[in-house]
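You asked for a quick read-through of this one before you dig in yourself. Here are my notes, point by point, to go with the view below.

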Amino acid sequence: MRLPDLHGIAIIVLASSLLANPWTAPRKGQEWKLEPPSPEFALPTTTDAPVVECAECHAEVSREWQESAHALAWRDEHYQESLKKRRQPELCHGCHIPEPLLALEKLPRKPRPRADRLEHGVSCESCHQGPQGEMLGPWGVQVDAHPSAVSPRMSGAGADALCAACHATNIGPVIGVAKDFLASGQAERGKSCVGCHMAPIERRWAEGEEVPLRKGRSHALQTPRDPAFLRRAFALGLETDASGSSLVITNEAGHRVPGLIGREILFSATLLDGSGDVLVERELQIDSRSYLPVGGQRRIDFQRKGSSVRITGSHVDPRSPEPMTFLDQELD
Ligand code: HEC
Ligand code: HEC
Ligand code: HEC
Ligand code: HEC
Ligand code: HEC
């Protein structure tokens, strides 16, 4: 009798558990299915985009990053403009041109600014460089190009903490949205910053024939300038009782909406009767003061019964030249 090849089985199990564990793999049914970002208004990130050394081998990841606000964080004209009014602008620089955060013993509560290559903004090294100059990643694949190591800050809840180092403080026009996320226990429900803002993608992590195709996460961030993504922040429901019909808007994002001073979201709702005639028109605006908290609801009461509601949503963002329509829908 031949013994089954247990070694082979053990190796397969080990390999698949290694593949499943470290990377922030999408969790079925819990994580949003994300499309590649398709902003209606793109940031001027690619004009004079800085060339990073890493792009020599990580060309595709670098192109994704170049599209993101992270690559623009220093060159951003809104940022540079807002510094002019400050007596101590250097107090602002920590998150816009940070030193490598993971080279420090603990994640800093106030990241410190670096003195060189300012135009790289939130650079590759800001997030990836470890204490000995090694590149920290979700897998720690060993390569000749540079020492690599696994970091718990590169996947799961550890990556949320990395994002929160810069996204949890209220300063200037910025609202620390990560505080909402951390306080609302969503990580326990399988949600993460990376899961909603960095779409899963299959591509080579670096160029080169010997480099295999792997699953990863796009560094081109999902942002509210993308109508389809902003739309997902809101669940809509129509309720009717004795006092009339109401539209209920629920925040499904991982934090308050909107999350930046100067942004406004305007809903216009029209109650229609069975033959499509207008019964009542109502508006609702949310902004940084009247924001929707995590899971929060706002009702538009029509005080009459109708058979359907037409709702449109428009977004005013200081970074967009004009208001953007992100929602136009009829609910029965
Ligand atoms: C703790 C980290 C941190 C510090 C310190 C910081 N910022 Fe920022 N800044 C951010 C983050 C995160 C964003 C992105 C916020 C968003 O898009 O919701 C941002 C974005 C901005 C923007 C861009 C908004 C736009 O319209 O494009 C401006 C302007 C800005 N910050 C000004 C400042 C000023 C002024 C200071 C100093 C008073 C400052 N920041 C200090 C983290 C920081
Ligand atoms: C000379 C080529 C080269 C350069 C330059 C280079 N890398 Fe890499 N890097 C690689 C290769 C090859 C891999 C492994 C890819 C694979 O096997 O999927 C890798 C892997 C990585 C990983 C993944 C580690 C993990 O968890 O497995 C990170 C993160 C990384 N590099 C960051 C950087 C950063 C940041 C820079 C610039 C400061 C940089 N690299 C410069 C070739 C390079
Ligand atoms: C070192 C500080 C820092 C870290 C760490 C950081 N961010 Fe940012 N992030 C910024 C700054 C600064 C901006 C805004 C730059 C600007 O607009 O000028 C920003 C912008 C963004 C935006 C874009 C908003 C928009 O409207 O374009 C998103 C989304 C975002 N960050 C998500 C993340 C996620 C997810 C993580 C963790 C993987 C993360 N950030 C980690 C500093 C940081
Ligand atoms: C704001 C923080 C941040 C910045 C800036 C950043 N990365 Fe990453 N990067 C991450 C995180 C988080 C992951 C892990 C994503 C996951 O799998 O959960 C990652 C993953 C990677 C990987 C593994 C492949 C993948 O797609 O997951 C490589 C390679 C990499 N980054 C290279 C770079 C390079 C090169 C730059 C600059 C052009 C850069 N990163 C900028 C946070 C960052
Ligand atoms: C369940 C999905 C989800 C999670 C989890 C999530 N976000 Fe968001 N995020 C969204 C949506 C949807 C928007 C667009 C709504 C809006 O405009 O505020 C958004 C907007 C943003 C913006 C732009 C805010 C602004 O007003 O400029 C930033 C920055 C951001 N998220 C960072 C983060 C960070 C950091 C984390 C983790 C601490 C996180 N997000 C977790 C869904 C999510």
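**Notes on the ligand sites and salt bridges**

1. Let's start at ligand 3, which has 22 residues around it; His70, Asp76, Cys163, Cys166 and His167 come nearest. Keep in mind as you look that this is a predicted model.

2. Zoom in on the polar contacts here. The side chain of Asp76 has an N or O atom 2.6 Å from an oxygen atom of ligand 3. For His167, a side-chain N or O atom sits 2.8 Å from a nitrogen atom of the ligand. Arg319 joins in as well, with a side-chain N or O atom 3.1 Å from an oxygen atom of ligand 3.

3. Which elements give two or more residues to the shell around ligand 3? They are helix H3 (69-72), H6 and helix H8 (193-197). H6 gives the most, with four residues. Sorted by class, the shell around ligand 3 comes out as 13 nonpolar, six polar and three charged residues.

4. Now over to ligand 1. Here 17 residues surround the ligand, and the closest are His78, Cys92, Cys95, His96 and Arg319. You'll recognise Arg319 from the contact with ligand 3; for ligand 1, a side-chain N or O atom of Arg319 is 3.2 Å from an oxygen atom.

5. Two histidines are worth clicking on next. His78 places a polar side-chain atom 3.1 Å from an oxygen atom of ligand 1. His96 has a polar side-chain atom 3.0 Å from a nitrogen atom of that ligand.

6. Where does the shell around ligand 1 come from? Helix H4 (77-84) and helix H6 (156-167) each supply at least two of its residues, and the largest share, three residues, comes from H4. H6 therefore deserves a second look, as this helix also gives residues to the shell around ligand 3. On the domain level, domain 1 (34-217) and domain 2 (227-331) each contribute at least three residues to the ligand 1 shell. By class, that shell has eight nonpolar, six polar and three charged residues.

7. Away from the ligands, have a look at the salt bridges: the structure holds 11. One of them pairs Glu239 with Arg299, whose closest N and O atoms are 3.2 Å apart. Glu239 lies in strand E5 (residues 234-241) and Arg299 in strand E9 (residues 297-301), so this pair ties together parts that are 60 residues apart in sequence.

8. Arg299 also forms a salt bridge with Asp301, with the closest N and O atoms 3.5 Å apart. How accessible are these side-by-side partners? Glu239 counts as partly exposed at 39% relative accessibility, Arg299 is partly exposed at 41%, and Asp301 is partly exposed too, at 38%.

9. Salt bridges that share partners also join Glu53, Asp116, Arg117 and Glu125 into one network. Within this network, the side chains of Glu125 and Arg117 meet in a salt bridge at 3.6 Å, N to O. Is Glu125 buried or exposed? Its relative accessible area is 14%, so Glu125 is buried, the cut-off being under 20%. Arg117, at 32% relative accessibility, counts as partly exposed.

Key: Residues numbered from 1 in each chain as written. Chains lettered and ligands numbered in written order. Predicted model: local features only at pLDDT ≥ 70, side-chain atom pairs only at ≥ 80, totals over all residues. Heavy atoms only, no water. Near = heavy atom within 4 Å. Polar contact = N/O pair within 3.5 Å; in protein donor to acceptor, adjacent residues only side chain to side chain. Nonpolar A, V, L, I, M, F, W, Y, C, P; charged D, E, K, R; others polar. Domains from an automatic or database assignment. Salt bridge = Lys/Arg side-chain N within 4 Å of Asp/Glu carboxyl O. Buried < 20%, exposed > 50% of the residue type's maximum accessible area, 1.4 Å probe, protein only.
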